[in-house]
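Visitor: Could you take me through this model and justify the terms you use?

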Amino acid sequence: MNKIPPFDVSQQYQQIGDRLNQAALDVLASGQYIGGQTVSQFESEFAQYIGSKHGIACNSGTDALYLAMRALDIGEGDEVITSPFTFFASAETISLTVAKPVFVDIEAHSFNINLDLLEAAITDRTKAIMPVHLFGRPVDMPKLMAIAKKHDLYVIEDCAQATGAVSNGEKVGNIGDVGCFSFYPTKNLGGCGDGGMMTTNDAALDEKLRILREHGSPKRYYHEYIGMNSRLDSLQAALLQVKLPYLDKWNAQRREISDRYSNLLKAANIPHVVTPHHCPGSVWNQYTVCVGEGKRNDVQAKLREQNIITMIYYPLPLHLQSVYSNLGHQKGSFPVTEDICDRVLSLPMFPELSIEQQERVVSTLQDILQ
Ligand SMILES: *Cc1c(COP(=O)(O)O)cnc(C)c1O
């Protein structure tokens, strides 16, 4: 049996390789490898796609989160609220600013932070909320923004897995103070290396983010802040510029694939498998089912034997990571997150996944569990 991988970024290259080759060669011939027109053009095209006034490119989604918090003066003594069920970078960047990550448990059906528990976690030190639009599923932003406004908190959106996702008619990343995006190759808009972007509608924040990503330096060799070197290469910008016009098509394909998975799984009615909640605004970076009764790891191993490769995002919640033992959490602190971590299984998901491949995934799952 042929292998069905969890993602396959080489297929985009097969579709538009000629255009990517040409874009890369143009940059190589130009001699403009850092900054310049290609980067600023891509910044404005991306900002326009999101609907934001400003787009500030940087080296990764991680840097985008860190720089956003630095631009908002978040640091020592501050608290930032986020989800314990996310990629490590969400909390890691809070810690890098020397602020404290404060976790709030998730909702089982959306995998996102439970907004009904949010207000109880707000203290005098809370400075910001970092919603994470996990797996491409948007957090209910009108509800979150109302809480943020009431308590005068900044909102930094972690949109790393959700480029193009929509909450209440608005693209994520254009709702909070700063939207933070990743162009890691497996994200919905993936480059051929690392890359990131921040979006904002605030001119002062735009300016500060540009200064911070370039050594805190508004003018070469004059430094106003301790910043960093976090630029997007011209080469990556040129490649992403080629890919951006395809993003809506690729996201629509992901949506179609998720609908088909859900229909196939419902028809198969496999015991212990729960399909993800319907979510029209999602861009389906992952299609994640829950496998109950302690069977998840076994199911994953058996799928692998049949050459179907699935992923576990994430096996250990952030509050139980060894590096965060100082935060004083233990098993049971966030029961929904802990339960979900034991059950999640992300099925193969990429825009080019074929109907036959999906049918094979579902029928193999059925064979294993029935
Ligand atoms: C990928 C990811 C990041 C980090 O992005 P990088 O570009 O890999 O640094 C941050 N948060 C979430 C939720 C992610 O999935």
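The talk below goes from the ligand site to the chain as a whole and then to two backbone details.

Guide: Bear in mind that this is a predicted model.

Visitor: Which residues are the closest to the ligand, and how many surround it?

Guide: The ligand is surrounded by 14 residues, and the closest are Gly-61, Thr-62, Gln-161, Ser-182 and Lys-187. A residue counts here if one of its heavy atoms lies within 4 Å.

Visitor: What makes the approach of Lys-187 to the ligand a polar contact?

Guide: An N or O atom in the Lys-187 side chain is 2.7 Å from an oxygen atom of the ligand. The cut-off for such a pair is 3.5 Å, so the pair qualifies. Gln-161 places a polar side-chain atom 2.8 Å from a ligand oxygen. With Gly-61 the partner is a backbone N or O atom, at 2.8 Å from an oxygen atom of the ligand.

Visitor: How much of the ligand's accessible area does the protein cover?

Guide: On its own the ligand has 380 Å² of accessible area, and the protein covers 93% of that.

Visitor: Where does the ligand sit, and which helices supply at least two residues of its shell?

Guide: The ligand occupies the largest pocket. Helix H3 (61-71) and helix H4 (89-96) each give at least two residues to the shell. By class, that shell has eight polar, four nonpolar and two charged residues.

Visitor: Why is the chain called as compact as a globular protein of its length?

Guide: The chain has eleven helices and twelve strands. Its radius of gyration is 21 Å, and the globule rule gives 21 Å for 370 residues; the two are close, so the description holds. Along the principal axes, the C-alpha atoms fill a box of roughly 65 × 55 × 35 Å.

Visitor: What is the omega of the cis peptide bond between Tyr-313 and Tyr-314?

Guide: Omega there is about 5 degrees. Tyr-314 belongs to the loop between helix H9 (296-305) and helix H10 (335-343).

Visitor: What is notable in the phi of His-215?

Guide: Phi of His-215 is near 60 degrees, a positive value in a residue other than glycine. His-215 is in the loop between helix H6 (203-212) and helix H7 (234-243).

Definitions and conventions. Residues are numbered from 1 along each chain as its sequence is written. This is a predicted model: local features need pLDDT of at least 70, side-chain atom pairs count only at pLDDT 80 or more; totals for chains, interfaces and linings use all residues. Side-chain values use heavy atoms; hydrogens and water are left out. A polar contact is a pair of N or O atoms within 3.5 Å; within protein, one must be able to donate a hydrogen and the other to accept it, and residues adjacent in sequence count only if both atoms are side-chain atoms. Accessible areas come from the Shrake-Rupley method with a 1.4 Å probe; for residues, only the protein chains shown count as cover. On a 1 Å grid over the protein atoms alone, a cavity is a set of points where a 1.4 Å probe fits but cannot get out, and a pocket is an open set with protein on both sides within 12 Å along at least five of seven lines; lining residues have an atom within 4 Å of a point. A molecule sits in a cavity or pocket if more than half of its atoms lie within 2 Å of its grid points. Helices (H or I, at least four residues) and strands (E, at least two) are DSSP runs, numbered from the N terminus. Ala, Val, Leu, Ile, Met, Phe, Trp, Tyr, Cys and Pro count as nonpolar, Asp, Glu, Lys and Arg as charged, and the others, Gly among them, as polar. The radius of gyration is taken over C-alpha atoms; the globule rule is 2.2 Å times the number of residues to the power 0.38.
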